[in-house]
Amino acid sequence: MKKEFEVISQIIQNNKRVLDIGCGDGTLMEYLKANQQNDVRGLEPEKYLVQKCISKGLSVIEGDAEKELVQFPEKSFDYVVLSQTLQAFLHPEEVLDQLLRIGRQTIVSIPNFGYWKVRLHLLIKGTMPITKNLPNEWYNTPNLHMCTIQDFVNFCNKKNITIDKSMCLTNEKISAITKVNMQYKNIFSQLGIFLIQ
Amino acid sequence: MNSETKNIKKLNIDQSLELDCGKIIKNFPLAYETYGALNKSKSNAILVFHALTGDQFVTNINPITKREGWWTTAVGLGKAIDTNKYFVVCANVLGGCMGSYGPKEINPETNKLFGTTFPVITIRDMVKAQKYLLDHLGIKKLLAVTGGSMGGMQVLQFVSLYPDMAHSAIPIACSASHSAQNIALNELGRQAIMVDPNWKKENSTPDKGLAIARMAAHITYLSKKGLQEKFGRKLQDKGSLKFSFDADFQIESYLRYQGATFVDRFDANSYLYITRAMDYFDLEKQFSGNLSLAFKNTKSKFCVISFSSDWLYPTVENKEIVIALNACGANVGFVEINSDKGHDSFLLDVPEFLKTISEFLSSTYNEINNEKRI
């Protein structure tokens, strides 16, 4: 399991209800179900991935988060997880509002557009950055709304969203983001992981 | 009892059952079939509900029609619903014509065929009758309930009536309440039967009407694309158009054949009763307009399946079930299977579909047996 999922699973307490948005092949769900006795559900737009999940005994619904989230009642999950997908939505703000409505707490991870390699790529080459985390060209990337760790924090502040935890990942190393090191982390982290409500 | 079906398995239900129409029936037969063996812990039983024109003979050769069972693609040795592993039970529905209490049976009070004197039955009546069969077989909790089309409606009704009787439920290509379009199509079939002059004559059957009903219904089971690919504008004889009303096109001939063979195995009055039961099905209304209340107490794990080209029970109607289940926090998975074969997809060899059922069932089976070991 990738490091990001390890971090996310450590945030999630045992025996809680979890909804994984864009759950893919269900790797995180499987781990949470088997090791932390979490009651897990998933939402995934790709048919073949949904079928994979159902085969593993995971309850996953085929559907698009931008349309499907309204059906879930308020605070019906202890945690809603959205891993590296926020930037791919047409209306990320609306999706985030839904996540906060459905979950008591929400875990969001974002690829950091403020990472130094991204900045350097744009500065030196003058073309849209391509990195390990952002492998696509501008014309075929699913990412419509890229943001930086700083952007996301500003956004939460503006919307009065409480950030309970903020961590970052760089080369598989995990560390905490604080007010003091924010500027630094915004340059040297590849991924931001936030627990919000 | 009609003579054709006297040698098949039947349970005589000696309790009384109050039907939704208000009538009380007692001492009535329910014909059924089982496949595979019930294990010691009685934890491997799957109740399959059949659709409008199905019967209890799910797989192998149907002893009455001598044709393959209606779900041979999915049920049998080594199939998705593997009878090596699972104990499969299926009953002919109330109102059916394969040995269960229905219009084709003799009314013991008059010694005449019931015909249209048979009481109008509902999906809920059908399901309640099958609960007696489970009691008779000593099955307290099923591994799964499943069925497509009207079979799926019975799945939904079953979990709503008996929220703790099935570990899992697989409703396929169905709806929680019959749509206006589907009622309209059923009415077309019923009218075709009822305008046949033979319908009201004693000792004769409205074969023409029933055949037309079947032809119309058969179109609704396919998709436009499927029809186009299979038949296109192909002519029956290689030559040219006949400039007549004979079956020039292959699709015409195909439909005529479907109609003609159907009347040999199905009773016209059963067709009236069962389509009526489908039309009356409205699970949402049973719960004052809130479908999620139907599933409020359910303990079952759901796998809802629809097909992309099914316009009779389209994905959107299947999704309403999923939405209602989510609204009450039930355990539900959903997938729409890509298929050009229309509503009939659930009866056909659609590998992705069969794989999904197979793996969902084995994961449920394993979960139950692991729990027991702990």
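Which residues have the most contacts inside the largest nonpolar core? In this predicted model, they are B:Ile46 and B:Val88, and the core to which they belong has 155 residues. Both domains of chain B take part, since at least three residues of this core are drawn from each of domain 1 (3-179 + 282-373) and domain 2 (185-271). In soluble globular proteins, nonpolar side chains tend to be buried together.

The surroundings of B:Ile46 can be followed residue by residue. Leaving aside residues up to four places away in sequence, B:Ile46 touches B:Ile81, B:Tyr86, B:Phe87 and B:Val88. Its contacts also include B:Leu142, B:Leu143, B:Ala144 and B:Thr146. B:Val88 thus appears both as a partner of B:Ile46 and beside B:Ile46 as a residue with the most contacts inside the core.

The domain division of chain B comes next. Domain 1 is made of two segments, 3-179 and 282-373, while domain 2 covers 185-271. Between the C-alpha centres of the two domains of chain B the separation is 27 Å. Their contact takes 18 residues from domain 1 of chain B and twelve residues from domain 2 of chain B. On the side of domain 1 of chain B that touches domain 2 of chain B, ten residues are polar, four are nonpolar and four are charged.

From the contact between domains, the reader may turn to the contact between chains. Here chain A contributes 15 residues and chain B contributes 21 residues. On the side of chain A that touches chain B, the elements giving two or more residues are helix H3 (47-55) and strand E3 (59-62) of chain A. H3(A) gives the most to this side, with five residues. The chain A side as a whole divides into six nonpolar, six polar and three charged residues.

Within chain A, strand E4 (residues 77-83) offers a further point of orientation. Strand E4 of chain A is mostly covered, with six of its seven residues buried. E4(A) is joined to strand E1 (residues 17-21) of chain A by four bridges, and these two strands run parallel. In this pairing A:Leu19 stands opposite A:Val80 in E4(A). E4(A) is also joined to strand E5 (residues 103-111) of chain A, by six bridges and again in parallel. There A:Leu82 stands opposite A:Val108 in E5(A). The connection from E4(A) to E5(A) passes through helix H5 (residues 92-102) of chain A, and the resulting β-α-β crossover is right-handed.

How values were computed
Residues are numbered from 1 along each chain as its sequence is written. Chains are lettered from A and ligands numbered from 1 in the order in which they are written. This is a predicted model: local features need pLDDT of at least 70, side-chain atom pairs count only at pLDDT 80 or more; totals for chains, interfaces and linings use all residues. Domain bounds come from an automatic or database domain assignment. Two residues are in contact if their C-beta atoms, placed from the backbone, lie within 7 Å. Ala, Val, Leu, Ile, Met, Phe, Trp, Tyr, Cys and Pro count as nonpolar, Asp, Glu, Lys and Arg as charged, and the others, Gly among them, as polar. A residue is buried if 20 or more other C-beta atoms lie within 10 Å of its own, exposed if 12 or fewer, and partly exposed in between; C-beta atoms are placed from the backbone. Two strands pair if DSSP finds at least two bridges between them. A crossover is right-handed if, with the strands pointing away from the viewer, the path from the first strand over the helix to the second runs clockwise. A nonpolar core is a set of buried Ala, Val, Leu, Ile, Met, Phe, Trp, Tyr and Cys residues joined through C-beta atoms within 7 Å.
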